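Grab a coffee and work through these exercises with the structure open beside you. Try each task yourself before reading the solution.

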Amino acid sequence: MTAVPTLAIEDLSVEFRTRSGTVKVLEHVGFSVERGETVALVGESGSGKSVTAFAVMGILDAAGRVTSGRAMFGGADLLALDERDLAEQRGRELSMIFQNPRTALNPIRRVGRQIADVLVRHGGATRGDAPRAAIEMLKKVRIPDPERRAEAYPFELSGGMCQRIMIAIALACRPALLIADEPTTGLDVTTQAVIMDLIGELAGESGMATIFITHDLALAAEYCDRIVVMHAGHIVEAAPGRELFARPRHPYAAKLLAATPGETASLESLASIPGGLPDLRRADLPPCRYSERCERRTDACAQPLPRRTVGDRHIVACWNPL
Amino acid sequence: MLNLLLSRLATAIPSIVGVVVVTFMLTRLLPGDPAAYFAGLAASPQAVAEIRTKLGLDKSLPEQFVAYVGDLLSGNLGNSLSTGQPVVTEIATRLPASAELTLAALLLAVFIAIPLGVLAAVKQGTWIDHVCRVVTTAGVSLPVFFTGLLFAYVFYYLLQWAPAPTGRLDVFLSPPQHITGFYLIDSALTGNSETFWGALRQLALPAISMAIFSLAPLARMTRGSMLAVLGSDFIRTARASGLAPRTVVFTYAFRNAVLPVITVLGMVFSFLLGANVLVETVFAWPGVGLYAVNALITSDYAPVQGFVLTMAVLYVALNLAIDLLYGLVDPRIRLDS
């Protein structure tokens, strides 16, 4: 069974032009998400997770530029669409939710109106019906007393409540793909679980594909079918969640797992990963951007990065995998 | 919203009381003896003393203050020593002239500065952004009295495009019937197009000189505030939801960016009230500023007192209006109070 994936990113490279030089933020990034599937994009801060999402959504900063690649979605390459056509797709076919829900909502617009804006924009409701449709969405994300909450401003709601509003905005037009960029950062642990369950459930209902960006491997393992590990703008390993946890092949992924608290690992046994991300402005970046932090480094690492299949849907970009 | 109005009104009262005290003290403490000035150079000491008694200046300061407050409460600001007219009537007839000039300048500035600032922010780094920078830099570096004089010289004296800078209306035209006191509005209401154009021609130069100065801070703040808001998280959300660029810029960004612009608008307005004094002098504009300058030169303290008091009340009313405007735009302020 080889279904056409909902989103297939191929060979995506992104550069940022800054005062101190060009930063190669993403290099040859490729992965895909299938209908109903949840894929986690994990990595430390600065590894390019969010930039990948922004590039696909077409909302990169003005300084960012896509230098190569395709993002096939519904038969079209999102990266080749002009802003007008892309704006038609955003919010309707592909949606995104962000971290810090309280600042991600317009502070001076009633939340019901913000949901209605998206519905009206994409023809999900007429101007007259929109308020009622917005209340329906609030019910769907299980906000108690939705009629009253629709009249609230973001500052009157809790962080968890605001994230539900964000989800309602994102899912208002029943998109085929949801990108959730650290949706639970800044929420307390119980709210985190509720939000993740809510996303999972709503995705299951409609067969929506989800990309879940996080630095929390444990959360990724719990909620996602597959995990894509990023490091310094490269994908270093991609595997089904269980397999990655059982047998990580890339040295970085292994270190990342060892740094993740779980049921078996006590806090004392957690290891930190030595070194930091390399400076991506350097001209002499090695092909493997982890090699300078890597204990398994050999001369082979000077060759261009491989893309090895080491199991069922298990890919690793390393010359000396574990 | 009513709570906001009442709480802001309550805080305005101490300001008014303070202003009453300060205006009273200021005019009493200023050097110069009004009685001596009024009596004239050749007056005998008895005559001066007589006038002093007549004006109530021989009483102690607290007594004078009580009398002053009593007069204020009955709407009496005293009489001008030089014209003999009640200050209240004189200010009331001259205030519309100043108000028309100030509001015209402010409207002009707002209608240029805000679109310019918004465009400069949305199209950052393009030619419109550079135009905005040049205009704002030029605007702040040209003081109002200088632009006023320059305009009068160039457009009246050299090019003769503008009428002589001699007030609100050409001497050959009669002022419109008094409805609001604003010549433009009154002549438009009565359908008197000749007076309307005449008044507009007279108003153009002083209003433009004041507008040029005040549009600089407005445009700069609009641009800065728009840039900050356009970079914020909720704009990213709006874009990620595919909202139309028009909705993103106006409904989402501008309404949030307008708050600091309102603050600057208040400051600019206050500044224009002060700048009136200069511009009215340059263009012989029969407003309260010119009135106050003349009164000050002749140590005529009742008009000065009346002017300062009027201005202070205007400032307080202005700040009140700004606060209420905030409340209208920003629900956080409305619901906090």
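Buried area is the accessible area, taken with a 1.4 Å probe, that two parts lose on being put together, summed over both. Keep that in mind for Exercise 2, and remember that this is a predicted model.

**Exercise 1. Check the scores**

Task: find the ipTM and pTM of the model, then the mean pLDDT of chain B.

Solution. Start with the whole model: ipTM comes out at 0.88 and pTM at 0.83. Next, zoom in on chain B, where the mean pLDDT is 87. To finish, see how much of chain B gets to 70 or more: 98% of its residues do.

**Exercise 2. Size up the interface**

Task: work out how much area chain A and chain B bury between them, and what share of it lies on carbon and sulfur atoms.

Solution. Begin with the head count: 29 residues of chain A touch 20 residues of chain B, taking contact as heavy atoms within 4.5 Å. Now the area: about 2,100 Å² is buried between the two chains, with 59% of it on carbon and sulfur atoms. Then turn to specific pairings. The salt-bridge rule turns up 0 hits across the interface of chain A and chain B, while 9 residue pairs are in polar contact, both partners at pLDDT 80 or more.

Which parts of chain A do the touching? Helix 1 (49–57), strand 6 (94–97), helix 3 (101–104), helix 4 (111–121) and helix 7 (159–171) of chain A each give two or more residues to the side that touches chain B. Helix 4 of chain A gives the most, with 4 residues. Last step, sort that side of chain A by residue type: 16 nonpolar, 7 polar and 6 charged.

**Exercise 3. Trace a sheet in chain A**

Task: give the strand order of the open 4-stranded sheet in chain A and name its edge strands.

Solution. Walk across the sheet and you'll read 2-1-4-5, with antiparallel pairing. The strands that pair on one side only are strand 2 (21–33) and strand 5 (76–77) of chain A, so those are the edges. Now look at how strand 5 of chain A is held: 2 bridges join it to strand 4 (residues 64–73) of chain A, running antiparallel. For a landmark, Phe73(A) stands opposite Ala76(A) in strand 5 of chain A.

**Exercise 4. Describe chain B**

Task: how many helices and strands does chain B have, and what does its C-alpha trace span?

Solution. Count the elements: 14 helices and 0 strands. The pattern along the sequence of chain B is therefore α repeated from start to end. Finally, along its principal axes the C-alpha trace of chain B spans about 85 × 55 × 40 Å.

Conventions: Residues are numbered from 1 along each chain as its sequence is written. Chains are lettered from A and ligands numbered from 1 in the order in which they are written. This is a predicted model: local features need pLDDT of at least 70, side-chain atom pairs count only at pLDDT 80 or more; totals for chains, interfaces and linings use all residues. Side-chain values use heavy atoms; hydrogens and water are left out. A salt bridge is a side-chain nitrogen of Lys or Arg within 4 Å of a carboxyl oxygen of Asp or Glu. A polar contact is a pair of N or O atoms within 3.5 Å; within protein, one must be able to donate a hydrogen and the other to accept it, and residues adjacent in sequence count only if both atoms are side-chain atoms. Ala, Val, Leu, Ile, Met, Phe, Trp, Tyr, Cys and Pro count as nonpolar, Asp, Glu, Lys and Arg as charged, and the others, Gly among them, as polar. pLDDT is the predictor's confidence in each residue, from 0 to 100.
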